[in-house]
Amino acid sequence: MHENSSNIHLTEAPPPYEDIKSASSPSKVNPKYWGRKVWIGVAVGAVVIIVAVIVGAVLGVRANAYPNYSKLTYSLSDDYSGTGFFDNFDYFTGYDPSSGFVHYVDSAGSESLNLTYASSSSAVLRVDTSDTDASTGRKSVRITSKKQYSSGLFVFDIVNTPYGCSTWPALWLSDASNWPTNGEIDVVEAVNGATSGNQVTLHTTKGCEMDRKRKETGKVLHKDCYNGTNSNAGCGVQGADDTFGQAFNTNGGGVYAMEWRSAGIRVWFFSRSKIPSDLTIGSSPDPSSWGTALADFPNTDCSISSHFRNQSIIANIDLCGDWAGSTEVYSTQGGCPGTCTDFVTTNATAFETAFWEWNSWKVYTAA
């Protein structure tokens, strides 16, 4: 069937909807037709972008801020060595503030029990190994330097570090009468078998954090140094396995150097075969030439001068106590038998490895 061609009318197709819309209303892309609300939205968006850029830049600068550890000229101030080594210290005899199962012995008692002694070449501090029934705690020693410091370069030449179940040895600086106000610097510290190496730690009041850029080879444990956080763990840095204990001793010991200045606190460890020449034959050590430190505590978010001052050098061997004696640390981590106090009471000969031996301690001050 065919339709009549004379009845067919051709008409033009209507334009697409988009074209009709564009022809009948102003474009929102064209600022000429923007309303007040649109302009406000654009302004707010621009402000947000600008603020984001500024904040990002500030945070970037803050995260990368780092003190200027410029070279200082050091000269020897104090030399703790020789037969008179222990003459420079007071012997602590009070109740152990760390709740240790220990009796700290005075100077005369330490001498009679041979717990501290010194020769022309080295000094020794050790735990008693004679008492076979130390039912109220085993005898040990804690010494505190008569001189106090608020800065300096401290060089500890160590031959032997104490280790063994229940032991908590430390070589540290603090003002015990004003703790934690004047801070604490743990240079060398470990517990029990000390198989995980040395732990360098700071303890302070509020307002000292290590959450910025740092240059160190050790493993960061905590970043807040405030004694009220993490059960007073402080801001610690863990060294390698051979930085303390049996591995350290087998390698002939080594040197720990701690630089304490307003820019920050840094600690280096040098094994016996890698001690810098300016620490063995030089009279003016230069930390700027030693490379990356084991632990670095910059002043970026911690005022070193206000958190650390008037500190004595302290060395001791605690037994059990808040750290070494906790079940988690003594049994689970340390793999030690029975309870900590029982071990201390009856295992006298187990403490034959629990002794410090130092060639010398030297303190340098900056010109």
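**Exercise 1. Are Trp268 and Trp290 buried or exposed?**

Solution. Start with the ground rules: this is a predicted model, in which local features need pLDDT of at least 70 and side-chain atom pairs count only at pLDDT 80 or more, while totals for chains, interfaces and linings use all residues. Residues are numbered from 1 along each chain as its sequence is written, and side-chain values use heavy atoms, with hydrogens and water left out.

Next, take the cut-offs: buried means under 20% relative accessible area, exposed over 50%, and partly exposed in between (1.4 Å probe, protein chains only). By this scale, both Trp268 and Trp290 are buried.

**Exercise 2. Describe two aromatic pairs by distance and angle.**

Solution. Rings of Phe, Tyr and Trp (its six-membered ring) pair if their centres lie within 6.5 Å; planes under 30 degrees apart are stacked, over 60 edge-to-face, and the rest tilted. Searching the whole structure gives 21 aromatic pairs.

- Phe85 and Phe89 are stacked, at 5.4 Å centre to centre with 20° between the planes. Phe85 counts as buried because its relative accessibility is 1%, and Phe89 is buried with a relative accessible area of 4%.
- Trp268 and Trp290 are edge-to-face, at 5.1 Å centre to centre with 85° between the planes. Trp268 lies in strand β15 (residues 264–271) and Trp290 in the loop between α5 (277–280) and β16 (295–298), so the pair ties together parts that are 22 residues apart in sequence. Strands (E, at least two residues) and helices (H or I, at least four) are DSSP runs, numbered from the N terminus.

**Exercise 3. Place Trp361 in its surroundings.**

Solution. First, find the core: a nonpolar core is a set of buried Ala, Val, Leu, Ile, Met, Phe, Trp, Tyr and Cys residues joined through side-chain atoms within 4.5 Å. The largest one has 65 residues, and Trp361 is among those with the most contacts inside it, as are Ile143, Leu171 and Ile313.

Then list contacts (heavy atoms within 4.5 Å). Leaving aside neighbours within four places in sequence, Trp361 touches residues including Asp78, Tyr80, Phe85, Phe89, Ile143, Leu171 and Ile313.

Finally, look at the rings: Trp361 belongs to one aromatic cluster whose members include Tyr80, Phe85, Phe89 and Trp358.

**Exercise 4. Put these details in the context of the whole chain.**

Solution. Count the elements: the chain has nine helices and 18 strands. Then check burial: of the 367 residues, 44% are buried. Last, turn to sequence separation: among contacts with a separation of 6 or more, 74% join residues 24 or more positions apart.
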